[in-house]
Amino acid sequence: HQNPLSLREADVARKVANVLATNTSVCTSMRGPFQKQLGVIFNEVLSVYKTYSELCSSVVASDGAIAARRSDVKLMRSVKRQALRLLETFLDKAEAEDLKQVGIGFVQAMLDPVLGDYAR
């Protein structure tokens, strides 16, 4: 979807979460060889995380703290968690020699979106 607001739709968010969960399951089964797949989708996973983070923050900022309890915001936060779960699973299952490369590339790229999320 080109329009980030379409990501707020429940059906779209559920499908995104499902794709992330499927990749997490594949990562669990494949272990180290999943690095090639993650290399292909990594920027998109980070983009999904960042977009849903911004959407959650904007909804809460405009509608107040009570918005955090709404089902649409809970679903968006679920997508964020699933994106982090995929990255966490990969780091957990990666081979020791792959972790050096991962540490340099993937983890550094994750710092800004994830830590920025906690600063909000």
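The following exchange goes through the helices, core, salt bridges and surface of a predicted model.

Colleague: What does the secondary structure of the protein come to, and which pattern does it follow along the sequence?
Modeller: The model is predicted, and its secondary structure holds zero strands. What it does hold is four helices. Read along the sequence, the pattern is therefore written with helices alone, given how helices and strands are assigned: α-α-α-α.

Colleague: How many residues does the protein have, and what share of them count as buried?
Modeller: A residue counts as buried when its relative accessible area is under 20%. The protein has 120 residues. The share that counts as buried is 38%.

Colleague: Which residues touch the most other members of the largest nonpolar core?
Modeller: The largest nonpolar core has 30 residues. Those that touch the most other members are Leu38, Tyr52 and Leu86.

Colleague: Which helix supplies the largest share of this core?
Modeller: At least two residues of the core come from each of helix H1 (10-30), helix H2 (34-63), helix H3 (71-93) and helix H4 (96-119). The largest share is 11 residues. The helix that supplies this share is H2.

Colleague: Is Met110 buried or exposed?
Modeller: Met110 is found in helix H4. Its C-alpha atom is separated by 9.6 Å from that of Phe42, which is 68 residues away along the chain. The relative accessibility of Met110 is 14%, and the cut-off is under 20%, so the residue counts as buried.

Colleague: How many salt bridges does the structure hold, and which parts does the pair of Asp72 and Arg8 tie together?
Modeller: The structure holds four salt bridges. In one of them the side chains of Asp72 and Arg8 meet at 3.4 Å, N to O. Because the two residues are 64 apart in sequence, this pair ties together separate parts of the chain: helix H3, with Asp72, and the segment before H1, with Arg8.

Colleague: Which residues are joined with Asp72 into one network of salt bridges?
Modeller: Asp72 also meets Arg70 in a salt bridge, at 3.0 Å, N to O. Arg70 is partly exposed at 30% relative accessible area, and Asp72 is partly exposed at 22%. Salt bridges that share partners make up the network, and the residues joined with Asp72 are Arg8, Asp63 and Arg70.

Colleague: Where do Lys15 and Asp11 lie?
Modeller: The side chains of Lys15 and Asp11 meet in a salt bridge of 3.3 Å, N to O. Lys15 is exposed, with a relative accessible area of 52%, whereas Asp11 is partly exposed at 45%. The two are four residues apart, about one turn of the helix, and both lie in helix H1.

Colleague: How far apart are the C-alpha atoms of Arg14 and Leu75?
Modeller: Arg14 lies in helix H1. Its relative accessibility is 53%, and the cut-off is over 50%, so Arg14 counts as exposed. Along the chain, Arg14 and Leu75 are 61 residues apart. In space, their C-alpha atoms are separated by 7.5 Å.

Colleague: Which residues form the positive surface patch?
Modeller: One of the patch members is Arg69, in the loop between H2 and H3. Arg69 is exposed, with a relative accessible area of 62%. The patch as a whole is formed by Arg69, Lys74, Arg77, Arg81 and Arg85.

Colleague: Where is Arg81 found, and how far is it in space from Tyr49, C-alpha to C-alpha?
Modeller: Arg81 is found in helix H3. At 44% relative accessibility, Arg81 counts as partly exposed. Arg81 and Tyr49 are 32 residues apart in sequence. Their distance in space, C-alpha to C-alpha, is 8.3 Å.

Methods. Residues are numbered from 1 along each chain as its sequence is written. This is a predicted model: local features need pLDDT of at least 70, side-chain atom pairs count only at pLDDT 80 or more; totals for chains, interfaces and linings use all residues. Side-chain values use heavy atoms; hydrogens and water are left out. A nonpolar core is a set of buried Ala, Val, Leu, Ile, Met, Phe, Trp, Tyr and Cys residues joined through side-chain atoms within 4.5 Å. Buried means under 20% relative accessible area, exposed over 50%, partly exposed in between (1.4 Å probe, protein chains only). Patches are made of residues with over 30% relative accessible area and no salt bridge: like charges are joined within 9 Å, nonpolar side chains (Val, Leu, Ile, Met, Phe, Trp, Tyr) within 5 Å. Accessible areas come from the Shrake-Rupley method with a 1.4 Å probe; for residues, only the protein chains shown count as cover. Lys and Arg count as positive and Asp and Glu as negative; His and the chain ends are not counted. The place of a charge is taken as NZ of Lys, CZ of Arg, CG of Asp or CD of Glu.
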